[in-house]
Each structure stands twice: as structure tokens, then as C-alpha cells.
Amino acid sequence: LLCMEGDEHRVNRLLVSGAFHPAAIRRCIDTLLRPLADELIDSLAGETGVDLVAAYTHRYPFKVITGLLGIPVEDEPVLHQWLDGLFQYPWNPQAALDARAAITAYLAPIVQQRRAQPRDDLLSLLALAEVEGCKLSDEEIFSFVRLIFPAGSDTTYLSLGSLIWAVLRDRGLYAQLQADTGLHHAAVDEGLRLFGAVCLQPRYTEREITVAGVTIPAHSPLLYGNATANRDPDVFADADTFRLDRGTHRKSVTFGGGPHFCLGSHLARAEIEVSLAALLARLPGLRLADAAQPGPQGAVLRGVRELPVVFDCVLPAA
């Protein structure tokens, strides 16, 4: 999808978009998102301190996607290993190609089974979807699955960790969100504006253009700064401050814009909001283990990769 244009992009996006519509995401909050959040928090019983990234924020989006796809829970560890292998391509191309082949071999019989015996999961939807007489080939399904994990899991875990860090370092903000769950949506919005994981994107100009008095020739490579745009003082007053009174960030570019607007934006927002609510409700006294804990790091993909926290106890799920 990232590299498609025109009708090819429009039709392929329609083929895969059914599971990501707002109504579909709302339906899975109680059946998938909240149960998975509670499952991971339940695993912390008996603990009063953990690295929240290793224990929760890195695991949760991955488990959401495998749950949506209908991947058996027992297969998650090996699938995670293969997906990590895909990221080795610039440094170890053969390892990445081997991982790609392993994922394909794993998915092929599952997709064949879903075509014959559909279930209520994303792989079944992909296997059977038809738009304007077009269906997805097996390779198009495999390609989409290989894309959805880095695009949907890595970005979400980085943004989620950054938001939790921002809330825990500001005890006034923490108290506000504890007292009024109605503010959680605004907190997620503001966290995504300030701490969206994708900071820089490589692009090129199709034609000559002048921006801020600088003429950029056609066919020039450039880096598009999402993070910088989201802190533009001409668009956002007091742009570097975390504020709950901004309203909906219609001008935020965290999820892009136009035909390629992020397909998983509603899912990412729901995952982060469910996680924020569950962590604050079930881990009383949640706080940073070290008040000087550094925040988001990284230049292209930015976020919190370690987050040592302490808490008083683990409360049972409501």
C-alpha cells in the first residue's frame, strides 16, 4: 500500500480496510483490546516494579495484531522472531530474506484454510475480500501482513511508551487523568501530536516547489519532518507544552494525510487509550522508578524503549 498510487492504491486499500473502520475498532475494544490489556497487567501480579516497555508497551500492540489476524497465541514467539529478522535487511539481507520466506511458509496454509473455512478474523477478511471484481492474491496478503507489524506494532508501542512517560513525569497531569477518565481521549491526542513515533520520512519532489523562500528542484530527495510540523508554533499555540484543552488535532500530521492517511489510525488511538486507562486504574501509585528517566529517543523512529516504573500493587480487573 505504501508504494501504490491511483486506482491500484484505492482498490487495494478498500480490500484491506474493513477491519480498520471506526465501527470495527469500537467492536473489538471489549472483545480484544481490553482483555489483552488486562491479561498483560494480570501477569504483573506480585510485582511492584517492572520495565513497562518489556512488560507491557512492546508486547501489547503485537498481541493486538496477532489477535486481529487470528494467529494462534502459541505461535507468537516464533512469529516475533521472524518479524525482527525482517528489520535486518540493511545489515544482513540474507537473514531478512530467510525471515520473509519463513513468514510466507507459515502463513500460506493458514490463508488457504481461511478461504475454505472463514473465521471472524482479519486473515479471513483478506482471503475473501472482493472490490470491483478484484481479490487479493496470496502474495498481496503476505505482503500486507509483513507490513502491518512494523507499521502498526512498532509505531504504536513507541508512541504509547512516550505518552506513559509524559504522564508519569508530570504528577499534576497524572492526577488529572486519574480523577477524570473523560480526559483520556485528549491526552492520547496530545501524546500523538507531541510524541508520534515517525519523526522523519524520506520523500522526493515530483515537481519544483518553493517552501519558505527555498526553491527545491524536481526529483530532489528530502526528509519530511512530521515531528517538526506537529510543533509548529504558527499552528499550535504553546506548541511544546502538553495541554488537554486543545480539542481534536485536525492539523496534526502524525498519521499523514490524503489518500495515504494511516489505515490503522483508529486502531492505534484505541490501543493507546485502552492501555492508558487500564494502567492508571490497575496499578495504583504508578510512577517512574527514577524521576530523571529520559524520554523519547531516536531520530527517524522516536520513542521510549525502556521505562522502569514502580507501583503499589496490581488491582483486579473491573
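**Exercise 1.** In this predicted model, locate Thr 254 and determine whether Thr 254 is buried or exposed.

*Solution.* Step 1: Thr 254 lies in the loop between helix H11 (226-229) and H12. Step 2: the relative accessible area of Thr 254 is 16%. Step 3: the cut-off for a buried residue is under 20%, so Thr 254 is classed as buried.

**Exercise 2.** Identify the side chains that make polar contacts with the side chain of Thr 254, and list the residues that Thr 254 touches beyond four places in sequence.

*Solution.* Step 1: the side chain of Asn 230 is joined to that of Thr 254 by a polar contact of 2.8 Å. Step 2: the side chain of Ser 252 is joined to that of Thr 254 by a polar contact of 3.1 Å. Step 3: once residues up to four places away are set aside, Thr 254 touches Leu 192, Arg 193, Gly 196, Asn 226 and Asn 230.

**Exercise 3.** Describe the packing of H2 against helix H12 (residues 265-282).

*Solution.* Step 1: two packed helices are described by the angle between their axes and the distance between the axes. Step 2: for H2 and H12 the angle is about 35°, and the axes are 9 Å apart. Step 3: the crossing of H2 and H12 is right-handed. Step 4: H2 contributes Pro 22, Ile 25, Ile 29, Leu 33, Arg 34, Ala 37, Asp 38, Ile 41 and Asp 42 to the contact, and these meet His 266, Leu 267, Ala 270, Glu 271, Val 274, Ala 278, Leu 279 and Arg 282 of H12. Step 5: by class, the residues of this contact comprise 11 nonpolar, 1 polar and 5 charged.

**Exercise 4.** Characterise the setting of Asp 30.

*Solution.* Step 1: Asp 30 belongs to helix H2 (residues 22-42). Step 2: its relative accessibility is 54%; because the cut-off for exposed is over 50%, Asp 30 counts as exposed. Step 3: the side chains of Asp 30 and Arg 34 make a polar contact (2.3 Å), and Arg 34 is also one of the H2 residues that meet H12. Step 4: Leu 15 is 15 residues from Asp 30 along the chain, and their C-alpha atoms are separated by 25 Å.

**Exercise 5.** Establish the strand order of the open sheet and explain which strands stand at the edges.

*Solution.* Step 1: the sheet has 3 strands in the order E1-E9-E8, with antiparallel pairing. Step 2: strand E1 (49-51) and strand E8 (287-288) each have a single partner strand, so one side of each lacks a neighbour in the sheet and both stand at the edges. Step 3: E1 pairs with strand E9 (residues 308-310) over 3 bridges in the antiparallel sense. Step 4: Val 50 is opposite Val 309 in E9.

Technical notes
Residues are numbered from 1 along each chain as its sequence is written. This is a predicted model: local features need pLDDT of at least 70, side-chain atom pairs count only at pLDDT 80 or more; totals for chains, interfaces and linings use all residues. Side-chain values use heavy atoms; hydrogens and water are left out. Helices (H or I, at least four residues) and strands (E, at least two) are DSSP runs, numbered from the N terminus. Buried means under 20% relative accessible area, exposed over 50%, partly exposed in between (1.4 Å probe, protein chains only). A polar contact is a pair of N or O atoms within 3.5 Å; within protein, one must be able to donate a hydrogen and the other to accept it, and residues adjacent in sequence count only if both atoms are side-chain atoms. Two strands pair if DSSP finds at least two bridges between them. Axes are lines fitted to C-alpha atoms, for helices over the stretch in contact, and angles run from 0 to 180 degrees between N-to-C directions. A crossing is left-handed if the near helix is turned anticlockwise from the far one by less than a right angle, and right-handed if clockwise. Contact means heavy atoms within 4.5 Å. Ala, Val, Leu, Ile, Met, Phe, Trp, Tyr, Cys and Pro count as nonpolar, Asp, Glu, Lys and Arg as charged, and the others, Gly among them, as polar.
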